Amino acid sequence: MNICVIGTGYVGLVTGTVFAELGNDVVCVDKVAGKIDSLNKHIMPIFEPGLEELVARNHNEGRLRFTTDFKTGVETAEIIFICVGTPSQENGETDLKFVEAAASEIAAHMNGYKIIVNKSTVPVGTGDLVHDIVERECRDGHKFDVVSNPEFLREGQAVHDALNPDRIVIGASHKQVAFRLLELYSSLQAPMIITDVHSAEIIKYASNSFLAIKISFINAIANLCERVGADVEDVANGIGRDNRIGKAFLNSGLGFGGSCFPKDVKSLVYTSSRLGYEFNLLKNVLEINDERVTRFIAMIQKRFPDMKGRTFAVLGLAFKPNTDDMREAKSVEIIGALLKLGATIRAFDPVAMPAAKKIYPNITYCPNAYDACNGADAMLLVTEWREFKLLNLERVAKTMKSAVIFDGRNMYDPARKERLGFEYYSLGRGKWPKSS
Ligand code: NAD
């Protein structure tokens, strides 16, 4: 099939590349010329394992093209995917200006029937909005359908997820158009859920919000554990082994960040309220999440009441492992708070340092975790990259000013770290520093 993908970010670039890999002719359009130039040279604008080879192969074989020219993309395509960003506004409302702009570009270049697919995460009703824009702005009155096909891929394993989705959700106003989408996805072995557009739009927000509920729930349990000296990791293990609950997303720590969960939960709260339902459960989920960094900083401050002259090694900057995405990363909040208190930061992340430098140009970026810890008063484990689990901590301890670890992700075993001579603190596992 002939496909056009608008937006070449984490979702659009992976989606377009995977459609090309499945044998379709794909044109990816982005408004940022620098991104398109880089992609045409096989230089990835994002870090995503396995993506570079896939882009290079499909581009070399002519199935995948990159352009800033909407005319080329829209005119040649039967199906057009909108994969642009949908950021949050101050009040939690989703900012739809990129979706609206994409819809206008489509309308301006329609040359026949098109299926327009919203893959961006958009509030319920956005399909109708896109429909109205295209109908209003398409001068030649071409026919079209608007479909919702939310994306569930995870950064860090996006290529794998796009090729092996848990399910494919298609929200369409009639069966014929849904079947055309089914055909596009037919080579993937995944359950297909066909529904109306509004239900599909809600499925995406409900999925992310449910996962956020699990994270805030276990963090609330962590608060309780701290009060009685219980271990939240054991509690999570005990709950998660119940098949009705499941182990996933029961990791206590600094809470959820990233480009999706915070904005999607806020958006669902906003949309619900606008529709006359106060989603208090989700408001509480956000409150619990917001307290996590405050709690972590309070724990550090209890151990180091005067931060001036203190140096902290921050291990991990990206919002989660295996990505360079710094959107709503906990490191940003933590570093900001510590700098405000007068501390010095030595940071390391395997891939996110270039992105982090745009936010904090004046902290010290180190070539590896060992170097970051050298001379530090404490190590702060902020992103649970696997390589941090494998660190030689005996070597680390020898170079630190004081062997203190604050583990924001409950990555290490407390007893083992203490045997190695570390003062070890984590969230939800009993021990807090004593007031000095
Ligand atoms: P992103 O910011 O990485 O990429 C968006 C891209 O769209 C950018 O390259 C930008 O230049 C381009 N763009 C913006 N307006 C444009 C326009 N009018 N015409 C052409 N290009 C335009 O965003 P992302 O992380 O890929 O997310 C895209 C959407 O997918 C969002 O709605 C997000 O919530 C959703 N989503 C993201 C993920 C994820 O893990 N990142 C997962 C599932 C769903």
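**Notebook: the ligand and the two domains**

I began with the shell around the ligand and found that its largest share, three residues, comes from α5. The model I am reading is a predicted one. I noted that α5 (97-109) and α1 (10-21) each supply at least two residues of this shell.

*Entry on the shell.* I looked up how many residues surround the ligand, and the number is 28. The closest are Asp30, Lys35, Thr86, Glu155 and Lys263. I then sorted the shell by class and recorded twelve nonpolar, eight polar and eight charged residues.

*Entry on polar contacts.* Which atoms of glutamate 155 lie 2.7 Å from a nitrogen atom of the ligand? I found that the partner is an N or O atom in the side chain of glutamate 155. For threonine 121, I recorded a backbone N or O atom at 2.9 Å from an oxygen atom of the ligand. For lysine 31, a backbone N or O atom lies 3.4 Å from a nitrogen atom of the ligand. I next checked how far the ligand is covered: on its own it has 830 Å² of accessible area, and the protein covers 91% of this.

*Entry on the domains.* The domain assignment divides the protein chain into domain 1 (2-195) and domain 2 (197-436). I asked where the ligand lies relative to these domains. Both domains give residues to the shell around the ligand, so the ligand lies between them.

*Entry on the domain contact.* I took the centres of domain 1 and domain 2 over C-alpha atoms and found them separated by 32 Å. Domain 1 brings 34 residues to the contact, and domain 2 brings 27 residues. Between them the domains bury about 2,400 Å², with 57% of it on carbon and sulfur atoms. I then looked up which residues of domain 1 lose the most area to domain 2, and these are Phe47, Val124 and Glu155. Together they account for 27% of what that side buries. I noted that Glu155 is also listed among the closest residues to the ligand.

Note on methods:
Residues are numbered from 1 along each chain as its sequence is written. This is a predicted model: local features need pLDDT of at least 70, side-chain atom pairs count only at pLDDT 80 or more; totals for chains, interfaces and linings use all residues. Side-chain values use heavy atoms; hydrogens and water are left out. A residue is near a molecule or strand if one of its heavy atoms lies within 4 Å of it. A polar contact is a pair of N or O atoms within 3.5 Å; within protein, one must be able to donate a hydrogen and the other to accept it, and residues adjacent in sequence count only if both atoms are side-chain atoms. Accessible areas come from the Shrake-Rupley method with a 1.4 Å probe; for residues, only the protein chains shown count as cover. Helices (H or I, at least four residues) and strands (E, at least two) are DSSP runs, numbered from the N terminus. Ala, Val, Leu, Ile, Met, Phe, Trp, Tyr, Cys and Pro count as nonpolar, Asp, Glu, Lys and Arg as charged, and the others, Gly among them, as polar. Domain bounds come from an automatic or database domain assignment. Contact means heavy atoms within 4.5 Å. Buried area is the accessible area (1.4 Å probe) that two parts lose on being put together, summed over both.
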